[in-house]
Amino acid sequence: PLAVVGDPFAGREVVLDHAVERLDATRVRLEPGDGVAPVRDAIGDGPVVVDDCQHLYRRVIDGFEPLEEFLGLLATTEDPLVAGWNRYAWSYLELVRELDQSFGRRADVGAVAADQLAELLLSRYDTVPEFAANETGHDRPFTVERYGVDIRGSRFSVPIPTPNLSVIHWRRADPTPEPRDVVFERLAAAADGNVGVASALWEVNRSDTIRPSELTTPTIDLTLDRTESFCLRILLAKERVQRAELAAVADGDLDRIL
């Protein structure tokens, strides 16, 4: 069996679509609460591609029974089987259930480079925006930001030099970078190479004219307690989850947490 492992929104589904086509396989996509029955029904009639295998376990007592049954099926089938896994779920199960021991091979859906990202995003539209250089002052290798600090009851404003890493990178590689290249380098850095996140950021920033300095990304200031952090961890690992699974760990305060 082959495991295809990727972050949420990183393009795992595209890889599995390719596997279905190449293998002429039966496609199974697990939903929250499905259990192992859809996989059991599909195995035995040729190659099978199963996505969202992270729904085969829950972070509760006896929550690993569907997963154990699934791994047992893997050991009995002789047909090719490709399984799609969320990376957070895979990393957890690799530690607590040695999941990697049940798969002979693993394919990672990794980060997309800036030039590949540009080709992918620009090919989706009939028109290409104009990429313009920054206005004077936005391409400096260092900027100064001021931060407020309290010292013995008094408030002070402290200037802190902050490196502009994308400018420093491009000046080292090319003293006169193209605005288009700088835009997609910053976009790839903001999305950590995740093609789905980069696509969402591109939709927010796309206009007739784009300057590197005008590329904006959402910022959220979160301070999470233990319960909120655990709910977020479950959401990251499952991508989609039933409210009952979160309610079991949220102590009746799920609506506020969500």
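# Exercises on a predicted structure

His 55 sits in the loop that joins strand 3 (48-51) to helix 3 (65-76). This is a predicted model, and the exercises below start from that loop. Keep the structure in view as you work.

## Exercise 1: His 55 and its surroundings

Decide whether His 55 is buried or exposed, and find which residues it is in contact with, leaving aside its neighbours within four places in sequence.

*Step 1.* Look at the relative accessible area of His 55, which is 8%. A residue counts as buried under 20%, so His 55 is buried.

*Step 2.* Now set aside the neighbours within four places in sequence and list the contacts of His 55. Leu 30, Glu 31 and Pro 32 are among them, and so are Lys 238 and Arg 240.

## Exercise 2: Salt bridges around strands 2 and 3

Work out which parts of the chain are linked by the salt bridge of Arg 27 and which by that of Arg 29.

*Step 1.* Start with the general idea. Side chains of opposite charge can pair when their charged atoms come close.

*Step 2.* Take Arg 27, which forms a salt bridge with Asp 51, with 3.9 Å between the closest N and O atoms. Arg 27 belongs to strand 2 (residues 26-29) and Asp 51 to strand 3, so this pair links distant parts of the chain, 24 residues apart. Arg 27 is partly exposed, at 29% relative accessible area, whereas Asp 51 is buried, at 0%.

*Step 3.* Turn to Arg 29, whose side chain meets that of Asp 52 in a salt bridge, at 2.9 Å from N to O. Because Arg 29 lies in strand 2 and Asp 52 in the loop between strand 3 and helix 3, the pair ties together parts that are 23 residues apart in sequence. Arg 29 counts as partly exposed at 41% relative accessibility, while Asp 52 is buried, with a value of 1%.

*Step 4.* Place both pairs in their wider setting. Arg 27, Arg 29, Asp 51 and Asp 52 are among the residues linked in a network of salt bridges, which also includes Arg 12, Glu 13, Asp 17, Glu 31, Glu 239 and Arg 240. For the whole structure, the count comes to 22 salt bridges.

## Exercise 3: A salt bridge between two helices

Find where the partners Glu 69 and Arg 40 lie, and how many residues apart they are.

*Step 1.* Check the pair: Glu 69 and Arg 40 form a salt bridge, and their closest N and O atoms are 2.7 Å apart.

*Step 2.* Locate each partner. Glu 69 is in helix 3 and Arg 40 in helix 2 (residues 37-42), 29 residues apart.

*Step 3.* Look at their accessibility. Glu 69 counts as partly exposed at 35%, and Arg 40 counts as partly exposed at 38%.

## Exercise 4: Classifying an aromatic pair

Explain why the rings of Phe 64 and Tyr 92 count as stacked.

*Step 1.* A search of the whole structure finds ten aromatic pairs. In the pair of Phe 64 and Tyr 92, the ring centres are 6.5 Å apart and the planes are at 25°.

*Step 2.* Planes under 30 degrees apart count as stacked, so this pair is stacked.

*Step 3.* Phe 64 lies in the loop between strand 3 and helix 3, and Tyr 92 in helix 4 (residues 87-96), so the pair ties together parts that are 28 residues apart in sequence. Phe 64 counts as buried at 14% relative accessibility, and Tyr 92 as partly exposed at 22%.

*Step 4.* Look for a cluster, too: ring pairs link Phe 70, Trp 85, Trp 90 and Phe 103.

## Exercise 5: The two faces of helix 10

Show why the buried residues of helix 10 are on the same side.

*Step 1.* In helix 10 (residues 243-250), the buried residues are Glu 245, Leu 246, Val 249 and Ala 250. They cover an arc of only 130° around the axis, which means that they lie on the same side of helix 10.

*Step 2.* The general rule helps here. An α-helix has 3.6 residues a turn, so residues three or four places apart point the same way.

*Step 3.* Now look at the face turned away from the buried side, where you will find the exposed residues Ala 244 and Ala 248.

*Step 4.* Ask what covers the buried residues: helix 9 and helix 11 (254-257) are included in that cover. After helix 10 comes Asp 251, with a positive phi near 55°.

Methods. Residues are numbered from 1 along each chain as its sequence is written. This is a predicted model: local features need pLDDT of at least 70, side-chain atom pairs count only at pLDDT 80 or more; totals for chains, interfaces and linings use all residues. Side-chain values use heavy atoms; hydrogens and water are left out. Helices (H or I, at least four residues) and strands (E, at least two) are DSSP runs, numbered from the N terminus. Buried means under 20% relative accessible area, exposed over 50%, partly exposed in between (1.4 Å probe, protein chains only). Contact means heavy atoms within 4.5 Å. The arc is that of the directions from the helix axis to the C-beta atoms. Rings of Phe, Tyr and Trp (its six-membered ring) pair if their centres lie within 6.5 Å; planes under 30 degrees apart count as stacked, over 60 as edge-to-face and the rest as tilted. A salt bridge is a side-chain nitrogen of Lys or Arg within 4 Å of a carboxyl oxygen of Asp or Glu.
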